[in-house]
Amino acid sequence: MLALVAAVLLLSAGAALAQPACPPRGTPALNVSLSDPEPRVLPPLPAWQLRQIAEGEEAEIGPPLHHLGLTLSRVEWRSEITVRSGTAAAGAVCAVPSEIRLTLLHAEHIIRLAREIPRGGCLAGEVLAHERRHAEVNRRTLREAADGLRAAARAWAARAEAQAPDVGAAALLLQDQLAAAVEPVLERLRNARNAQHAQIDTPEEYRRLGRVCPGDQRRIRFTFGAH
């Protein structure tokens with residue numbers, strides 16, 4: 001699960017309003033930070049509920065053997081832009097970025113196992129290890145996206161400027177420009193995650209998980225059959 005969110009603006013009038021054109025661009029200060037704590041392992045839920053979370057409310061209720069575990073990731077990006085501004089022709093304001101702060105973070109990153117799996121047993125360990133592989137994909141692609149975000153923001157800042165009736169409107173235009181500049185990075189993040197998760201969730205891996213820990217397998221099949 002992936003959600004992507006942009007955030008806030010900081011405004012500072014740097015150049016005198018009487019200046020006839022955009023203020024000197026210079027090299028905007030750029031700070032990109034990454035917040036990626038360890039994924040949390042939350043209390044188990046029934047297998048049917050994990051399946052419903054993974055597939056949506058319209059998921060068919062059947063033998064939920066492929067939903068013995070679930071990893072969820074929600075990513076946000078946040079930005080703060082400080083601008084320098086001057087008065088351009090006809091009284092409009094021209095603004096350029098003087099400082100950009102970007103944060104890419106795992107706002108949510110959790111792992112859950114199915115309640116039907118015997119706690120602390122062989123199968124619980126196998127399913128948890130499988131889900132941790134998904135979590136590592138999430139963390140690795142987030143680090144790669146932070147590097148891409150830095151490069152995209154630096155390239156944008158080198159040419160960014162906006163003219164508008166006032167400083168606030170110009171700063172909002174710069175924020176929109178920045179969002180457009182980083183969107184390809186976020187799209188690559190989504191695509192990379194989908195491809196790498198698919199490499200984990202293969203038919204061979206599901207068959208393997210269906211064979212390991214035969215004692216626990218018998219117990220969960222009995223539990224599912226009793227529903």
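In this predicted model, the side chains of R133 and E205 come together in a salt bridge, with 3.7 Å from N to O. This pair reaches across distant parts of the chain, since R133 sits in helix α2, E205 sits in helix α4, and 72 residues separate them. The two partners are covered to unlike degrees: R133 counts as partly exposed at 40% relative accessibility, while E205, at 8%, counts as buried. The general idea behind such pairs is simple: side chains of opposite charge can pair when their charged atoms come close.

A search of the whole structure turns up 15 salt bridges. One of them links E108 and R74, again with 3.7 Å from N to O. Here E108 belongs to strand β4 and R74 to strand β3, so this salt bridge ties together parts that lie 34 residues apart in sequence. Both ends can be reached in part from outside: E108 is partly exposed with a relative accessible area of 25%, and R74 is partly exposed with 27%. A more local case is the salt bridge between the side chains of D147 and R150, at 3.2 Å from N to O. Both residues lie in helix α2, just 3 residues apart, which is about one turn of the helix. R150 counts as partly exposed, at 28% relative accessibility. Some salt bridges also share partners, and in this way R74, E76, R78 and E108 are joined into one network.

Next comes the covalent link. The count of disulfides comes to 1, and the cysteines involved are C122 and C213, whose sulfur atoms are 1.9 Å apart. The link between C122 and C213 is left-handed, with -65° about the S-S bond. C122 lies in helix α2 and C213 in the loop between α4 (203–211) and α5 (214–225), so the disulfide ties together parts that are 91 residues apart in sequence. As with R133 and E205, one partner is buried and the other is partly exposed: C213 counts as buried at 9% relative accessibility, whereas C122 is partly exposed with a relative accessible area of 44%.

Then there is the inside of the protein. The largest nonpolar core holds 31 residues, and the members that touch the most others are W77, V83, L102, L104, W156, L174 and L178. At least two residues of this core come from each of β3 (69–87), β4 (93–113), α2 (122–157), β5 (162–164) and α3 (167–200). Helix α3 gives the largest share, with 10 residues. Another core, of 17 residues, lies apart from this one, and its members include A47, I110, L113 and V212. Back in the largest core, W156 makes a good example of how residues meet: leaving aside residues up to four places away in sequence, W156 touches I81, P97, I100, L174, Q177, L178 and A181.

Helix α3 has a couple of other residues worth a look. Q175 is found in this helix, and Q175 is buried, with a relative accessible area of 8%. The side chain of Q175 has a polar contact of 2.9 Å with the side chain of S79. G168 is also found in helix α3, but G168 is partly exposed, with a relative accessible area of 26%. Although G168 and V83 are 85 residues apart in sequence, their C-alpha atoms are 9.7 Å apart in space.

Zooming out, the protein chain has 5 helices and 5 strands. Read from the N terminus, the elements follow the order β-β-α-β-β-α-β-α-α-α. The protein chain has 227 residues, and 44% of them count as buried. Among contacts between residues at least 6 apart in sequence, 79% join residues at least 24 apart. As for the outside, the protein chain exposes about 11,700 Å², and carbon and sulfur atoms supply 55% of that area.

Definitions and conventions: Residues are numbered from 1 along each chain as its sequence is written. This is a predicted model: local features need pLDDT of at least 70, side-chain atom pairs count only at pLDDT 80 or more; totals for chains, interfaces and linings use all residues. Side-chain values use heavy atoms; hydrogens and water are left out. A nonpolar core is a set of buried Ala, Val, Leu, Ile, Met, Phe, Trp, Tyr and Cys residues joined through side-chain atoms within 4.5 Å. Buried means under 20% relative accessible area, exposed over 50%, partly exposed in between (1.4 Å probe, protein chains only). Helices (H or I, at least four residues) and strands (E, at least two) are DSSP runs, numbered from the N terminus. Contact means heavy atoms within 4.5 Å. A disulfide is a pair of cysteine sulfur atoms within 2.5 Å. A salt bridge is a side-chain nitrogen of Lys or Arg within 4 Å of a carboxyl oxygen of Asp or Glu. A polar contact is a pair of N or O atoms within 3.5 Å; within protein, one must be able to donate a hydrogen and the other to accept it, and residues adjacent in sequence count only if both atoms are side-chain atoms. Accessible areas come from the Shrake-Rupley method with a 1.4 Å probe; for residues, only the protein chains shown count as cover.
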